[in-house]
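Here are my notes for you to read with the model open beside them. Take the points one at a time and find each residue as you go.

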Amino acid sequence: MMTGQYPQRHGVLALTHGTYLYELRDPRQHLSHLLRERGYATHLFHFQHEAENPRDLGFDGLHGLNEPAGRFETPAFESHRSAPLVADDVVRFLEGFGANSDGRPFFAQVGFFETHEPWDFGGVEPDRERGMWVPPWMANTPTAQARLAAFQGSIRTLDHAVGRIDEALHRVGLAEDTLVVFTTDHGISFPRAKCTMFDAGVEIAFVVRWPGGGLTGGQRCDALTSNVDFVPTLMDWLHLDTPGDLDGVSFASAVSDGDAARSEVYAQFTMPENQARMVRTDRHKLIATFTPNKAFGCPVDLERPGTFHGEPPLRLIDLEADPLEANNLADDPAYRDTRERLSASLIDWMQNVEDPIRDGAVTPPFHSIAMRDLLPSVG
């Protein structure tokens, strides 16, 4: 979303901290650099997932950053700021923007820890005030209801923080001319969702509003889109020149006219214990799993975590006939043509982005660092 390029091309295949240490091949690919070069003041508030050191990302201002962990440590939860505190920082920035502005428009990237687990972060209480919704691919059990109530409490805290930022935009007279994007970086943190290629794992929240640009009125866009499409779309909306090395395609016309921007979307997940690739159309999905992995039954039962079985190397799903993605059609003769077509499409994509998984399981940069440190010791 912040580069308009696929992870295989920009280099951050997984996390940038802890035992992974992936890095952008060129930090100037980041949206902060792109917008600053086009006349914007750029500001980061708290949390980001694009660099181990946020100072590499080219922001003019850094606000309320969590304390960095050591080179080989994952940041502790306690080092993060809660959503109300992050909202405080953004509101102060907006209230002082008129007096402190140098005449440039601004880009503010606001990162919240919520709704990451633990869902009681910051003392948040479970929320059942408006009832409970249990996804149909999840068994409706007491454990599921308790976890979803905690999740809803985190959602409500985040929603209130975003609401305070929205109120500040209106209060200082910036709401009309500010493009607001609310989004997430993956699906919800439950089994058979986050860290998987099922729809519950790859679908994200994505809400935009810009009254001055005509983005208002509760419109719903059903076109297939990908995170890589955001940068070219943003450049279209802002009438800025688009970099020529992007993988994404603009969905601006899909929002305004209902035109389909693309017929297929792709996804990848690269952790040492879970490496998969996916291609999805409006009806079918093909998932290729490259490492031995767990596959949870459908509906997944949070009270019986032992109900999973081995994930097959290929999983083909007919989303129209099977919206819960319960049945694997990869070996069904009736779907042979669909499997071959999607397989060819996925292979072409992997070749075009020079996906390292074509040559075997991918090891994180931590492995190279260990080898680098080991060899001088031997020499």
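**Notes on sheets, salt bridges and a pocket**

1. Start with leucine 44, whose bridge partner in β2 is leucine 62. Leucine 44 belongs to a pair of strands: β1 (residues 41-46) runs parallel to β2, and three bridges join them. Two strands count as paired if DSSP finds at least two bridges between them. Strands here are DSSP runs of E with at least two residues, helices are runs of H or I with at least four, and both are numbered from the N terminus. Before you go further, note that this is a predicted model, where local features need pLDDT of at least 70, side-chain atom pairs count only at pLDDT 80 or more, and totals for chains, interfaces and linings use all residues. Residues are numbered from 1 along each chain as its sequence is written, and side-chain values use heavy atoms, with hydrogens and water left out.

2. Now zoom out to the sheet around that pair. It is an open sheet of three strands, ordered β2-β1-β3, with parallel pairing. Which strands stand at the edges? They are β2 (61-63) and β3 (106-111); each has a single partner strand, so one side of each has no neighbour in the sheet. On average, neighbouring strands here are turned by 15 degrees against each other, direction ignored. For such angles, axes are lines fitted to C-alpha atoms (for helices, over the stretch in contact), and the angles run from 0 to 180 degrees between N-to-C directions.

3. There's another open sheet to look at, this one with four strands in the order β6-β7-β8-β11 and antiparallel pairing. Its edge strands are β6 and β11 (314-318), each pairing on one side only. The twist from one strand to the next averages 10 degrees.

4. Follow the chain through that sheet. β6 and β7 run antiparallel and are joined by seven bridges; they make a hairpin with two residues between them. Two of the partnerships to click on are phenylalanine 269 with alanine 276 of β7, and threonine 270 with glutamine 275 of β7. Next, a hairpin takes you from β7 to β8 through three residues, and these two strands pair in the antiparallel sense over five bridges. Here arginine 277 has alanine 288 of β8 as its bridge partner.

5. β7 deserves a closer look. Is it buried or exposed? Seven of its seven residues are buried, so the strand is largely enclosed by the rest of the structure. (Buried means under 20% relative accessible area, exposed over 50%, and partly exposed in between, with a 1.4 Å probe and protein chains only.) In a regular strand, side chains alternate between the two faces of the sheet. Both faces of β7 are covered, with Asn274, Ala276, Met278 and Arg280 on one side and Gln275, Arg277 and Val279 on the other.

6. On to charges: the whole structure has 27 salt bridges, each one a side-chain nitrogen of Lys or Arg within 4 Å of a carboxyl oxygen of Asp or Glu. One of them joins aspartate 355 and arginine 277 (2.6 Å, N to O). Aspartate 355 sits in the loop between α8 (336-352) and α9 (365-378) and arginine 277 in β7, so the pair ties together parts 78 residues apart in sequence. Both of these residues are buried.

7. Compare that with arginine 104 and aspartate 102, whose closest N and O atoms are 3.0 Å apart in their salt bridge. Arginine 104 is partly exposed, at 27% relative accessible area, while aspartate 102 is exposed, at 54%.

8. Finally, visit the second largest pocket, which holds about 440 Å³ of space. Its lining of 21 residues includes Cys195, Thr196, Asn274, Asn293 and Lys294, which lie nearest its centre. β6 (265-271), β7 (274-280), β8 (284-289) and β9 (294-295) are the elements giving two or more residues to this lining. On a 1 Å grid over the protein atoms alone, a pocket is an open set of points where a 1.4 Å probe fits, with protein on both sides within 12 Å along at least five of seven lines; lining residues have an atom within 4 Å of a point. Grid points are joined across faces, edges and corners, and the volume is the space filled by probe spheres set on them.
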